[in-house]
Amino acid sequence: MPRCGGVCFSGRSSQPSPVEMEQAKVNMSKELGPDTAAYCCPECRGDESWSCKHLVRGRAKSRSLSASPALGSTKEFRRTRSLHGPCPVTTFGPKACVLQNPQTIMHIQDPASQRLTWNKSPKSVLVIKKIRDASLLQPFKELCMYLMEENGMIVYVEKKVLEDPAIACDDNFGPVKKRFCTFREDYDDISNQIDFIICLGGDGTLLYASSLFQGSVPPVMAFHLGSLGFLTPFTFKSFQSQLTQVIEGNAAVVLRSRLKVRVVKEPRSKKMAEHNGLSENGLPGPSLEGGKQALQYQVLNEVVIDRGPSSYLSNVDVYLDGHLITTVQGDGVIVSTPTGSTAYAAAAGASMIHPNVPAIMITPICPHSLSFRPIVVPAGVELKITLSPEARNTAWVSLDGRKRQEIRHGDSITITTSCYPLPSICVHDPVSDWFESLAQCLHWNVRKKQAHFEEEEEAAEDGEEG
């Protein structure tokens with residue numbers, strides 16, 4: 001039996017009989033060594049009779065609910081409603097196939113089947129409230145009292161939230177306030193103490209929640225109490241029943257991919273003091289990389305490289321997987337996630353992409369070349385952005401609108417898809433929520449409907465034509 005690259009195997013070009021197929025299974029199980037079996041895809045199966053070794057070609061079914069099996073496993077899985085989308089057929093014709101990559105970390109998501117579940121009942125919750133907004137004080141108090149008294153949860157809040165005079169001077173809220181667990185941004189690490197997150201405010205509260213977790217992010221439930229509310233689908237009016245459903249694990253979730261950003265800079269003479277691995281100016285504690293300072297971030301919306309206060313055009317080189325793809329001359333460039341495609345990127349002329357699409361967007365800001373259009377590249381590629389040698393001025397970078405810093409010659413920005421997405425809890429499902437946000441927040445394709453012809457007029461026109 002001929003082999004095709006040591007991955008998949010094919011028999012004669014004609015369709016084998018069931019007896020021949022069974023005999024081929026037996027023969028193949030004897031022939032295959034452990035090294036060969038390691039490259040077989042046990043998840044691709046057809047509607048007709050398929051073995052784990054792809055004896056008969058056909059249309060593949062979908063990826064199983066379980067995680068990908070270990071290499072060399074020949075166990076069959078049956079898909080019901082999976083967290084992953086269909087596994088594509090990786091055999092092409094009788095002899096060609098794609099070599100399976102055991103280092104694959106991303107899968108195509110199936111938006112219709114993503115559901116939240118808990119291994120254990122959640123006990124601790126982080127409540128993030130928009131600062132300097134008096135209209136949120138009453139919802140904040142109601143929510144915290146409900147979480148503590150009705151559900152017996154441990155509530156974490158940022159220390160500066162409790163410094164609000166309206167909260168500090170409220171005697172009725174005093175007993176509840178004493179039970180809070182507080183933290184300070186960039187000083188206290190709470191990443192391993194939070195079961196899920198509740199945001200009260202606008203989209204900025206969700207971005208802030210993302211910045212607090214540089215690794216795995218707990219599920220986020222965002223209430224629309226701000227300005228736009230594109231990323232905050234819940235209304236506060238019925239928060240008790242909605243919270244009960246989430247705590248019971250009865251909710252859909254959308255996995256919003258984030259960008260892993262690494263900023264490598266030439267060392268400066270002034271040393272930054274560190275507190276718990278974080279610098280006093282709010283930046284993560286720098287590590288050394290070839291004598292340079294390396295700062296790492298997790299970004300939910302976008303990385304923006306712009307010309308800053310200079311009157312000259314920015315001039316930066318963009319590399320993709322080590323290859324120079326273009327030089328950006330203009331006001332700057334935006335590298336965004338699908339979640340960020342509806343933010344600054346959309347304002348700069350980019351397309352809007354559903355958050356389940358695995359992609360990275362590159363959007364120029366007012367480019368000098370009129371043919372420089374926004375592009376979408378596969379998630380997982382590595383982008384590197386540096387100042388061009390002939391650049392007349394420095395550039396500036398900001399991450400989700402924060403951590404703004406100057407980029408000089410010799411510095412670099414490396415961007416790729418993070419393996420730590422932000423799980424955002426949905427009101428209905430990822431598809432319905434997204435299109436509803438497009439219609440309500442961005443008024444996408446909102447227009448007056450065309451008036452239809454009256455039936456009498458149509459009949460008259462038909463008579464004239466006759």
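Strand S17 (residues 314–320) has six of its seven residues buried, so the rest of the structure largely encloses it. Buried here means under 20% relative accessible area, with exposed being over 50% and partly exposed in between, using a 1.4 Å probe and protein chains only. Strands are DSSP runs of E of at least two residues and helices are runs of H or I of at least four, both numbered from the N terminus. Keep in mind that this is a predicted model, where local features need pLDDT of at least 70, side-chain atom pairs count only at pLDDT 80 or more, and totals for chains, interfaces and linings use all residues. Residues are numbered from 1 along each chain as its sequence is written, and side-chain values use heavy atoms, with hydrogens and water left out.

**Around S17**

Which strands does S17 pair with? One partner is S18 (residues 323–336), joined to S17 by seven bridges and running antiparallel. Another is S21 (residues 383–387), also antiparallel, over five bridges. Two strands count as paired if DSSP finds at least two bridges between them. If you want landmarks, Asn-315 has Gln-329 as its bridge partner in S18, and Val-316 stands opposite Leu-387 in S21. The hairpin of S17 and S18 has two residues between the strands, and Asp-321 takes a positive phi near 50° there.

Carry on from S18 and you reach S19 (residues 359–367), which S18 meets through six antiparallel bridges. Val-333 sits across from Pro-364 in that pairing. S19 is largely enclosed by the rest of the structure too, since seven of its nine residues are buried. S19 also pairs with S20 (residues 375–378), antiparallel over four bridges, and here Ile-360 stands opposite Val-377.

Just ahead of S17, Leu-313 is in the loop between S16 and S17. Is Leu-313 buried, exposed or partly exposed? At 36% relative accessibility, Leu-313 counts as partly exposed. Its C-alpha atom is 8.3 Å from that of Arg-392, although the two are 79 residues apart along the chain. Beyond neighbours within four places in sequence, Leu-313 is in contact (heavy atoms within 4.5 Å) with Arg-307, Gly-330, Asp-331, His-368 and Asn-393.

**A buried charge**

Glu-302 lies in strand S16 (residues 302–306). Glu-302 is buried yet has no salt bridge, and the nearest side chain of opposite charge, Arg-404, is 10 Å away. For charges, Lys and Arg count as positive and Asp and Glu as negative, while His and the chain ends are not counted. A salt bridge needs a side-chain nitrogen of Lys or Arg within 4 Å of a carboxyl oxygen of Asp or Glu. Leaving out neighbours within four places in sequence, the contacts of Glu-302 include Ile-334, Tyr-344, Ser-398 and Asp-400.

**Unusual backbone angles**

Most residues other than glycine have a negative phi. Here are two that go the other way.

| Residue | Phi | Where | Relative accessibility |
|---|---|---|---|
| Cys-366 | about 45° | strand S19 (residues 359–367) | 53%, exposed |
| His-443 | near 50° | loop between helix H10 (430–441) and helix H11 (455–465) | 52%, exposed |

**Rings and charges**

How many aromatic pairs does the structure hold? There are 10. Rings of Phe, Tyr and Trp (its six-membered ring) pair if their centres lie within 6.5 Å, and planes under 30 degrees apart count as stacked, over 60 as edge-to-face and the rest as tilted. Take Trp-118 and Phe-196: their ring centres are 5.9 Å apart and their planes are at 65°, so the pair is edge-to-face. Trp-118 is in the loop between strand S4 (96–97) and strand S5 (124–129) while Phe-196 is in strand S8 (residues 196–201), so the pair ties together parts that are 78 residues apart in sequence. Phe-196 counts as buried, at 0% relative accessibility. Elsewhere, ring pairs link Tyr-146, Phe-223, Phe-234, Phe-236 and Phe-239 into a cluster.

Some charges sit over rings, meaning NZ of Lys or CZ of Arg is within 6 Å of the ring centre and within 35 degrees of the ring normal. Lys-141 lies over the face of Phe-173 at 5.9 Å from the ring centre, and the charged end of Arg-184 is over the ring of Tyr-187, 4.9 Å from its centre.

**The whole chain**

The chain has 11 helices and 25 strands, and buried residues make up 45% of its 466 residues. Among the helices, H7 (residues 203–211) is mostly covered, with seven of its nine residues buried; Asp-203 and Tyr-208 are among them. Of the contacts between residues at least 6 apart in sequence, 70% join residues at least 24 apart.
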